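I opened the notebook to look at two topics, the ligand site and the helix packing. The entries follow in the order I looked things up.

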Amino acid sequence: MATEPLDWNAKYDCRGLLYGHQPNSFLAEHAASLIPRQATILSLGEGEGRNAVWLGRHGWKVCAVDVSAHALAKLHRLAAEAGVDIETRRADVSAFDAGCATYGAVIILHMHLPPEARRQAHRRAINALAPGGVLLLEALRPEQLEQPSSGPTAVECLYTADELAEDFAPLQIKYLGTEDRDIRAGQHQGITSVVSLIGRKPG
Ligand SMILES: C[S@@+](CC[C@H](N)C(=O)[O-])C[C@H]1O[C@@H](n2cnc3c(N)ncnc32)[C@H](O)[C@@H]1O
């Protein structure tokens with residue numbers, strides 16, 4: 001059965017930031033050691049800007065892509081408050097042409113798509129990476145359905161390590177692991193079942 005697309009504009013139609021101001025902790029932990037400062041970073045499913053603005057404040061250039069106009073409006077406000085400039089594109093990442101070998105890094109944080117859209121988005125992400133570029137992804141896995149913290153309810157939109165290993169087989173996989181972590185990000189609070197991947201494009 002096809003998965004109903006979520007109405008992200010409706011979800012973002014709230015006061016304040018749905019996922020808070022602090023960057024994703026996997027990104028904050030690894031960005032400095034993995035991504036050269038001169039790299040331009042493509043953020044797919046960036047949302048309200050917590051990650052892009054944090055990266056911008058630390059000196060990286062960022063292109064943020066999201067399907068939700070409300071999310072990008074919030075991102076622009078957050079970026080203006082922080083005094084950083086973030087390029088934005090409103091697009092569906094499964095059909096978005098990010099160019100070829102353009103970005104020093106691609107980040108995909110908690111963006112959950114049904115299988116065919118997921119595979120297409122991941123193929124495009126690999127294509128967008130320059131040789132030597134780094135891909136950093138964190139997502140919820142099916143075990144999240146047992147957790148009280150929020151997340152998609154359609155199991156096909158949750159990612160397994162095996163699916164990610166297959167999607168990102170063209171990359172050198174530097175890290176692929178699962179854990180249950182306490183995540184406190186705006187309205188998302190509590191123990192969370194995640195799968196995380198770090199890959200590098202050969203060359
Ligand atoms: C759970 S939020 C995560 C936002 C952000 N990455 C973060 O960590 O705060 C998922 C985001 O993916 C975006 N999204 C979902 N499907 C998308 C698609 N097909 N193309 C582009 N963005 C999409 C949503 O609009 C939403 O902003």
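I first fixed a term: a polar contact is a pair of N or O atoms within 3.5 Å; within protein, one must be able to donate a hydrogen and the other to accept it, and residues adjacent in sequence count only if both atoms are side-chain atoms. I noted that this is a predicted model, where local features need pLDDT of at least 70 and side-chain atom pairs count only at pLDDT 80 or more, while totals for chains, interfaces and linings use all residues. Residues are numbered from 1 along each chain as its sequence is written, and side-chain values use heavy atoms, with hydrogens and water left out.

Ligand entry. I looked up polar contacts and found a backbone N or O atom of Leu109 at 2.7 Å from a nitrogen atom of the ligand. For Tyr12, a side-chain N or O atom is 2.5 Å from an oxygen atom of the ligand. For Arg50, a side-chain N or O atom is 2.7 Å from an oxygen atom of the ligand. The protein buries 92% of the 590 Å² that the ligand exposes when taken alone (Shrake-Rupley method, 1.4 Å probe).

Shell entry. I found 18 residues around the ligand, with Gly45 and Asp66 among those that come nearest (a heavy atom within 4 Å counts as near). By class, the shell holds nine nonpolar, five polar and four charged residues.

Helix entry. I took helices as DSSP runs (H or I, at least four residues). H3 (50-57) and H4 (residues 69-82) pack at about 25 degrees, with axes 9 Å apart (lines fitted to C-alpha atoms, angles from 0 to 180 degrees). That makes H3 roughly parallel to H4 (under 35 degrees).

Key. Ala, Val, Leu, Ile, Met, Phe, Trp, Tyr, Cys and Pro count as nonpolar, Asp, Glu, Lys and Arg as charged, and the others, Gly among them, as polar. Helices (H or I, at least four residues) and strands (E, at least two) are DSSP runs, numbered from the N terminus. Angles under 35 degrees count as roughly parallel, over 145 as roughly antiparallel, 65 to 115 as roughly perpendicular and the rest as oblique.
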